[in-house]
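Q: I'm new to this one. Can you walk me through it? Start wherever you like.

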Amino acid sequence: LLKKRKSSSLTSRSSSYHHSTPNTIPSKRVKSAPSVNTKYSLYTGFPKMGSIVNDLLDFVYSKVLSDESLRQKRRSVQLSTLEYSIDLIIAKEISSGKEVKNLSGDEMNQFFKEVLDGKCPTPSIVGMITTKKSSGDTDSDSDPSPQLVLKQETDGEETSSIIYAPLFEAGSALTKLFEQQLTSTTLCFIADASSGLGTKMLGKIASSCGAGMALIQEPAWMTALANLAEQKEVSGQNLEQVMFGLCRLHAWQERDQVGESRTAVFTLPGQSCTANLLPVLQKMFPCERHVFVYDSCTDSVSRSLRNSELSSSIPLSNNVDKTITPKKLNPILAQLTSSRAGAVEAWLSSVDTFLKLKHSERKSGYIPFVCRLGFLMGQIGQLGNGQDDKSELALVNILQYMTGSRSRQLKDSVINAAKETLDQVRIEESEMLEKYKGDLSKGDSDVIEECAFAHKGILIQNKTLMDTVQPNKEWSLKAAKKMTSCACCMPGEGGESDDEEEDGNEVAPSKNDAKSQEVLKTTFNAMPSSSYVDGKVAFAFDPSKFTGM
């Protein structure tokens, strides 16, 4: 049975449902496909990785394989499970179509143009497939070509059509059309490092508060695209155009659901996909709203063990290896079970991506709303969460950012509805914690802490990430610069620069910055020296009056 399941799951490749020709509907049908809404959620309903059989096999592997081989084996099994799950959903949608259309070239361009002109219904995005050439095909070009799969419904489910189009060509065509299309809808992207609780909470708040936000929750096509990107089947400009075009097309489909705030909220599909999606989204949508919501590594791992989402326990990208050498990380992860190690690595991957974007902020322009989940959950007394419950203030802050209403007051009805949803999520989470109390042992927690410490940018598994928005009526996306020196030195002199590039390449100061530094040095040198520091005198000027400050 295990061999049969393994062979069936490995027949898929790079999140694609293979078939020899897209001219007919595939004969393969999923007999027990999960009952999920493909447009919104990919993972709900799938079996959890941490099954008894998998845990037993992983225990055997941990005894006979080296640390490096064990991690590779786990990764192979985890990715195969993820790809198999993606294939199930795509297969289900393809098999439900009543007719098939193949579009390319001018015909495809005309179809997308008619969609934007309102002459035909906007299709939903099913995902991506990789067509596999038949055995009798003697074409020298044997590389599979990614295809975009769309589903269009004209008069209900009975007349739905499955539409195939070359992925790269479709991405380019959509990008050109939407660049010329005027729209008043703002996009908001929510990335996660909390095993799904953050995106679940903010998604529910967005859809229920009545502020006029349309929710696009964990679209399945984003996971398929992230997997293709990880397999190097789409990259560079092709990846960027596909991401831009499909995000705009999906938002266009939901435009009737957008209300007063004119905002379409995308929740990214889990912390597993952050590394592959977030840098591209930031590059293609630098002026849109970005939220990064996070929780401690220990709480995230514990949460991943009790939910039913693969997105929190499968490290799709191994980008952490560029920060932590595998020789150092592999022995630590080997001390945990596969499900725990996968969740730790997925969390590290998501936070590592965030830190790299923040460290290259001047280049990337990444200035998100950094949301610490402990503030919204009212987890007072814990390191970084403070001693006072500021959850209501934190809720208002994030709502102001997501709706773009910081300069105007939110309606009382919106705030009250959001509070009610927040309370509901907090109660559900509290009940789950009580039910699964003790799912992580003291030894597991120590190993997780060791994993976080191995990352030079994290060190503490429940640390407060840089530029975390502190609950305040006058909140800011940028934390105030810390005065790490004494009053008789230059402000911040001798301290670590917050804007230092990840690779150690310092950005040259502008002429205004250089001029400001010279003015400041002259001012401080002109101050009378004394045997003690007079704090009232040393900073009795307004630095903002100087050019470039």
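A: Sure. Keep in mind that this is a predicted model. Let's start with a charged pair: Arg303 and Asp295 are both buried. Their side chains meet in a salt bridge, at 3.0 Å from N to O.

Q: What lets side chains like that pair up?
A: Side chains of opposite charge can pair when their charged atoms come close.

Q: Which residues are linked with Arg303 and Asp295 in a network of salt bridges?
A: Arg306 and Glu429 belong to that network, together with Asp295 and Arg303. The side chains of Arg306 and Glu429 meet in a salt bridge of 2.5 Å, N to O. That pair links distant parts of the chain, 123 residues apart. Arg306 sits in helix 10 (residues 297-306), and Glu429 sits in helix 16 (residues 412-435).

Q: Are Arg306 and Glu429 buried or exposed?
A: Arg306 counts as buried, because its relative accessibility is 9% and the cut-off for buried is under 20%. Glu429 is buried too, with a relative accessible area of 8%.

Q: How many salt bridges does the count come to?
A: The count comes to 23 salt bridges. One of the pairs is Glu361 with Lys358, at 2.9 Å from N to O.

Q: And how covered are Glu361 and Lys358?
A: Glu361 is buried, at 13% relative accessible area. Lys358 also counts as buried, at 1% relative accessibility.

Q: Switching topic. How many disulfides does a search of the whole structure find?
A: Zero.

Q: Why is there no bond at Cys297?
A: The closest cysteine sulfur is in Cys451, and it is 7.1 Å from the sulfur of Cys297, so that is too far for a bond. A disulfide needs the two sulfur atoms within 2.5 Å.

Q: Is Cys297 buried or exposed? What about Cys120?
A: Cys297 counts as buried, at 1% relative accessibility. Cys120 counts as buried as well, at 17%.

Q: OK, the nonpolar inside. How many residues are in the largest nonpolar core?
A: That core has 91 residues. Phe112, Met128, Trp221, Cys247, Phe292 and Val344 touch the most other members.

Q: Take Trp221. What does it touch?
A: Leave out residues up to four places away in sequence. Trp221 then touches Ile125, Gly127, Met128, Met243, Leu246, Cys247 and His250. Another core lies apart from the largest one, with 36 residues. Leu202, Leu395, Tyr401 and Leu477 are among its members.

Q: And on the outside, which residues form a nonpolar patch on the surface?
A: Phe59, Val60, Val64 and Leu65 do. Together they have about 370 Å² of accessible area. Val60 lies in helix 2 (residues 52-64). Val60 is partly exposed, with a relative accessible area of 47%.

Q: Now helices. How many residues of helix 9 are buried?
A: Eight of its 11 residues are buried, so helix 9 (residues 274-284) is mostly covered. The buried ones are Thr274, Ala275, Asn276, Leu277, Leu278, Val280, Leu281 and Gln282.

Q: What do those buried residues of helix 9 pack against?
A: Two strands and four helices are listed here.
- Strand 5 (186-193) and strand 8 (289-294).
- Helix 7 (220-230), helix 8 (236-253), helix 12 (338-359) and helix 13 (361-364).

Q: Let's look at loops. Where does Ser195 lie?
A: Ser195 lies in the loop between strand 5 and helix 6 (197-208). Its phi is near 55°, a positive value in a residue other than glycine. Ser195 counts as buried, at 2% relative accessibility.

Q: What about Lys232: where is it found, and is it buried or exposed?
A: Lys232 is found in the loop between helix 7 and helix 8. Lys232 counts as exposed, at 69% relative accessibility. Lys232 has a positive phi of about 65°, although it is not a glycine.

Q: Last one. Where is Ser160, and what is it in contact with?
A: Ser160 lies in the loop between strand 3 (145-152) and strand 4 (161-166). Ser160 is buried, with a relative accessible area of 0%. Leaving aside neighbours within four places in sequence, Ser160 is in contact with Ser96, Gly97, Lys98, Glu99, Lys151, Gln152 and Glu153.

Terms used. Residues numbered from 1 in each chain as written. Predicted model: local features only at pLDDT ≥ 70, side-chain atom pairs only at ≥ 80, totals over all residues. Heavy atoms only, no water. Core = buried A, V, L, I, M, F, W, Y, C linked by side-chain atoms within 4.5 Å. Buried < 20%, exposed > 50% of the residue type's maximum accessible area, 1.4 Å probe, protein only. Contact = heavy atoms within 4.5 Å. Patch = residues over 30% accessible without salt bridge, like charges linked within 9 Å, V, L, I, M, F, W, Y side chains within 5 Å. Areas by Shrake-Rupley, 256 points an atom, 1.4 Å probe, with all protein chains shown as cover. Salt bridge = Lys/Arg side-chain N within 4 Å of Asp/Glu carboxyl O.
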